[in-house]
Amino acid sequence: AATIPTPVRPASKLKEVKAEEAWKTPLNLALFTAQQYKGKRGYEGKIQVVVFALVEAGELGQATEVALLFPGEAGDEALARVVRASAEAGDAVQAFKVAQWIGEPSARARALCQAVTAQVKAGDKQAALATIQQAEGLARKIPQKQKASVLIGIAEAKTSVGEKRQAVVACEQALKLLRAEDNDIMYSGSYQHIARVFVGAGEIQKTKGIIKSGNSLWDKTVAAGQRKDIAVIMAEEGELEAALEWIGKFP
């Protein structure tokens with residue numbers, strides 16, 4: 001894979017909390033407690049907990065500042081949580097800004113795709129298309145083993161801007177990569193995302209084709225569970241008649 005520049009992540013505006021300041025706010029107390037683990041195993045996990053709590057409380061600005069306190073994978077995970085919450089809250093500006101600070105390329109691409117949903121809700125299709133292009137640029141450079149989840153994110157983003165044909169193509173590529181891994185249990189959630197894209201594009205036969213046939217009892221059990229989940233997705237996406245017809249043919 002080609003070298004991808006690491007984004008410049010701004011420094012957090014938060015300072016180390018002194019003992020005499022710890023009691024003043026819940027955030028101060030949480031940070032002061034986490035600071036006791038600095039340099040020790042588990043420190044990043046403690047900070048992550050603070051970020052997640054702030055996200056749940058809707059304090060996305062503070063959550064971002066806390067997430068910026070530390071680099072690396074744990075920091076990326078915390079920032080990704082902020083992006084997801086910002087997108088769900090409809091804050092397209094915050095979602096897009098924070099997504100670009102995520103260091104790991106595949107995680108950044110997935111976060112950008114989540115920002116697209118907020119941009120679409122805000123009525124800014126041009127920004128959404130530009131963000132999708134940025135995610136696609138990253139997808140072309142990341143290793144194959146990391147690409148499937150990014151392609152699925154791109155497909156969902158393309159669906160949101162009405163590019164359903166291109167979304168189907170991206171999901172077909174992702175499905176091929178997942179099949180090569182030969183671990184249907186691990187990727188069952190990914191198959192469900194692919195199913196929604198296929199159904200949304202009217203590709204009922206492709207949706208049914210997600211289920212891999214097998215002769216062993218294990219393969220049949222896995223396929224049965226996937227078949228049920230996808231039938232529910234078909235019904236939820238407005239293809240109730242097709243879902244019922246398919247259910248009637250279940251082995």
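Helices here are DSSP runs of H or I at least four residues in length, numbered from the N terminus. With that in hand, Glu-163 can be placed in the loop between α8 (144-160) and α9. Keep that residue in mind, as we'll come back to it. One caveat before going on: what you're looking at is a predicted model.

Let's start with the whole chain. The secondary structure amounts to 13 helices and zero strands, so a walk along the sequence, by the DSSP runs, reads α-α-α-α-α-α-α-α-α-α-α-α-α. Put a box around the C-alpha atoms along the principal axes and you get roughly 70 × 45 × 35 Å. There are 251 residues, and 43% of them count as buried. The chain exposes about 13,500 Å², with carbon and sulfur atoms supplying 54% of that. As for how the chain meets itself, take the contacts with a separation of 6 or more: 55% of them come from residues 24 or more positions apart.

Now for a pair of helices. Helix α5 (residues 92-99) and helix α6 (residues 105-121) pack with their axes 8 Å apart, at an angle of about 170°. Angles over 145 degrees count as roughly antiparallel, and α5 and α6 are therefore roughly antiparallel to each other. On the α5 side, the contact is made by Ala-92, Ala-95, Phe-96 and Ala-99. On the α6 side, the residues involved are Arg-108, Ala-111, Leu-112, Ala-115, Ala-118 and Gln-119.

Next, the charged side chains. The salt-bridge count comes to 11, and a few of these are worth a closer look. In one of them, the side chains of Arg-81 and Glu-56 meet at 3.6 Å, N to O. Arg-81 sits in helix α4 (residues 72-88) and Glu-56 in helix α2 (residues 43-56), so this pair ties together parts that are 25 residues apart in sequence. Arg-81 has 22% relative accessibility and counts as partly exposed, while Glu-56 is exposed, with a relative accessible area of 62%.

Helix α4 also holds Ala-85. With a relative accessible area of 13%, Ala-85 is buried. Not counting residues up to four places away in sequence, Ala-85 touches Val-55 and Leu-60. For a sense of scale, pick Ala-235, which is 150 residues from Ala-85 along the chain: their C-alpha atoms are separated by 27 Å.

Further along, Glu-203 and Arg-165 join their side chains in a salt bridge of 2.7 Å, N to O. This one links distant parts of the chain, 38 residues apart: Glu-203 is in the loop between α10 (188-200) and α11 (204-208), and Arg-165 is in helix α9 (residues 164-181). Buried means under 20% relative accessible area, so Glu-203, at 19%, counts as buried. Arg-165, at 45%, counts as partly exposed.

Then there's Glu-236 with Arg-196, a salt bridge whose closest N and O atoms are 2.6 Å apart. Glu-236 lies in helix α12 (residues 217-236) and Arg-196 in helix α10, so the pair ties together parts that are 40 residues apart in sequence. Glu-236 counts as exposed at 51% relative accessibility, and Arg-196 counts as partly exposed at 33%.

Back to Glu-163, then. Glu-163 belongs to a network of salt bridges that links it with Glu-136 and Lys-158. At a relative accessible area of 23%, Glu-163 is partly exposed. Leaving aside neighbours within four places in sequence, the residues in contact with Glu-163 are Leu-129 and Lys-158. Gln-119, which turned up in the α5 and α6 contact, is 44 residues from Glu-163 along the chain, and the two C-alpha atoms are separated by 15 Å.

Last stop: the nonpolar side of the surface. Leu-240, Leu-244 and Ile-247 form a nonpolar patch there, and together they have about 280 Å² of accessible area. Leu-240 lies in helix α13 (residues 240-247). At 48% relative accessibility, Leu-240 counts as partly exposed, since the exposed class begins over 50%. Patch members need over 30% relative accessible area, a cut-off that the 48% of Leu-240 clears.

How values were computed:
Residues numbered from 1 in each chain as written. Predicted model: local features only at pLDDT ≥ 70, side-chain atom pairs only at ≥ 80, totals over all residues. Heavy atoms only, no water. Patch = residues over 30% accessible without salt bridge, like charges linked within 9 Å, V, L, I, M, F, W, Y side chains within 5 Å. Areas by Shrake-Rupley, 256 points an atom, 1.4 Å probe, with all protein chains shown as cover. Salt bridge = Lys/Arg side-chain N within 4 Å of Asp/Glu carboxyl O. Helix = DSSP H or I, 4+ residues; strand = E, 2+ residues; numbered from the N terminus. Buried < 20%, exposed > 50% of the residue type's maximum accessible area, 1.4 Å probe, protein only. Axes fitted to C-alpha atoms, helices over the stretch in contact; angles between N-to-C directions. Parallel < 35°, antiparallel > 145°, perpendicular 65-115°, else oblique. Contact = heavy atoms within 4.5 Å.
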